[in-house]
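I opened this notebook to record what I looked up in one structure. The entries follow the order in which I consulted the model.

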Amino acid sequence: MRLSSLADYAVVMMAAAARHGMAGRFSATILSAETGVPLPTAQKLMGKLAGAGLLASQRGASGGFALARGAHAISLIEIIEAVEGPIALTSCVDEAKHDCALEQACKVKPHWAVVNSAVRKAFEDVRLDQLAGVEQEVMA
């Protein structure tokens, strides 16, 4: 299992955003310069992260982006799923898909949900403040 480059870049950018703190405003240009993520990619990711409710945007002279919640309240799974969609280690974990030729006779299928849940839980337990190396900051 490997995260895509986009998911990896999203985590890197969110960690940089967390270092700005809750009151800090930043742009895709600023995060691109701080992280080395190419600007077009940074812009695309910020749109996805804002759409997922992880970043908040504000227009105007004092505008820009900011974390939508404190870094302690954002989990790694939220960042990954904002870019990748829901984690499903195999197609049989996704109830909407039935594209496996072994599905009818598979003895392992009932157990993949347990494995998938364990992986999700591991990602849920990692918080953005830990990844960014910042102190917990609570919204006022």
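Entry 1. I began with Glu-78, which has a relative accessible area of 27% and is therefore partly exposed. The model is a predicted one. I then looked up the partner of Glu-78 and found a salt bridge with Arg-69, in which the closest N and O atoms are 2.4 Å apart. Arg-69 has 25% relative accessibility, so I entered this residue as partly exposed too.

Entry 2. I next asked how many salt bridges the model holds; the count comes to 4. Glu-81 and Arg-120 form one of them through their side chains, at 2.2 Å from N to O. This pair joins distant parts of the chain, since Glu-81 lies in helix H4 and Arg-120 in helix H5 (residues 109-124), 39 residues apart. Glu-81 has a relative accessible area of 24%, so I noted it as partly exposed. For Arg-120 I noted a relative accessible area of 24%, which means partly exposed. I also found that a network of salt bridges links Glu-81, Arg-120 and Glu-124.

Entry 3. I looked up Asp-125 and found its side chain in a salt bridge with that of Lys-121 (2.8 Å, N to O). Asp-125 is partly exposed, with a relative accessible area of 45%. Lys-121 counts as partly exposed at 45% relative accessibility.

Entry 4. I returned to helix H4 to look up Ala-82, which has its place there. Buried or exposed? At 18% relative accessibility, Ala-82 falls under the 20% limit and therefore counts as buried. Leaving out residues up to four places away in sequence, I found that Ala-82 touches Lys-48, Leu-49, Ala-52 and Leu-54. I also noted that the C-alpha atoms of Ala-82 and Ala-7 are separated by 8.3 Å, although these residues are 75 apart along the chain.

Entry 5. I turned to the largest nonpolar core, which has 34 residues. Among those with the most contacts inside it are Met-14, Leu-55 and Ile-79. H1 gives the most to this core, with 9 residues. I followed Leu-55 further: beyond four places in sequence, its contacts include Met-14, Phe-26, Met-46 and Phe-65.

Entry 6. I last examined helix H1 (residues 5-19) against helix H2 (residues 28-35), whose axes come within 10 Å and cross at roughly 105 degrees. H1 and H2 are therefore roughly perpendicular to each other. Val-12, Met-13, Ala-16 and Ala-17 of H1 make the contact with Leu-31, Glu-34 and Thr-35 of H2. I recorded these contact residues as 5 nonpolar, 1 polar and 1 charged.

Definitions and conventions. Residues are numbered from 1 along each chain as its sequence is written. This is a predicted model: local features need pLDDT of at least 70, side-chain atom pairs count only at pLDDT 80 or more; totals for chains, interfaces and linings use all residues. Side-chain values use heavy atoms; hydrogens and water are left out. Axes are lines fitted to C-alpha atoms, for helices over the stretch in contact, and angles run from 0 to 180 degrees between N-to-C directions. Helices (H or I, at least four residues) and strands (E, at least two) are DSSP runs, numbered from the N terminus. Angles under 35 degrees count as roughly parallel, over 145 as roughly antiparallel, 65 to 115 as roughly perpendicular and the rest as oblique. Contact means heavy atoms within 4.5 Å. Ala, Val, Leu, Ile, Met, Phe, Trp, Tyr, Cys and Pro count as nonpolar, Asp, Glu, Lys and Arg as charged, and the others, Gly among them, as polar. A nonpolar core is a set of buried Ala, Val, Leu, Ile, Met, Phe, Trp, Tyr and Cys residues joined through side-chain atoms within 4.5 Å. Buried means under 20% relative accessible area, exposed over 50%, partly exposed in between (1.4 Å probe, protein chains only).
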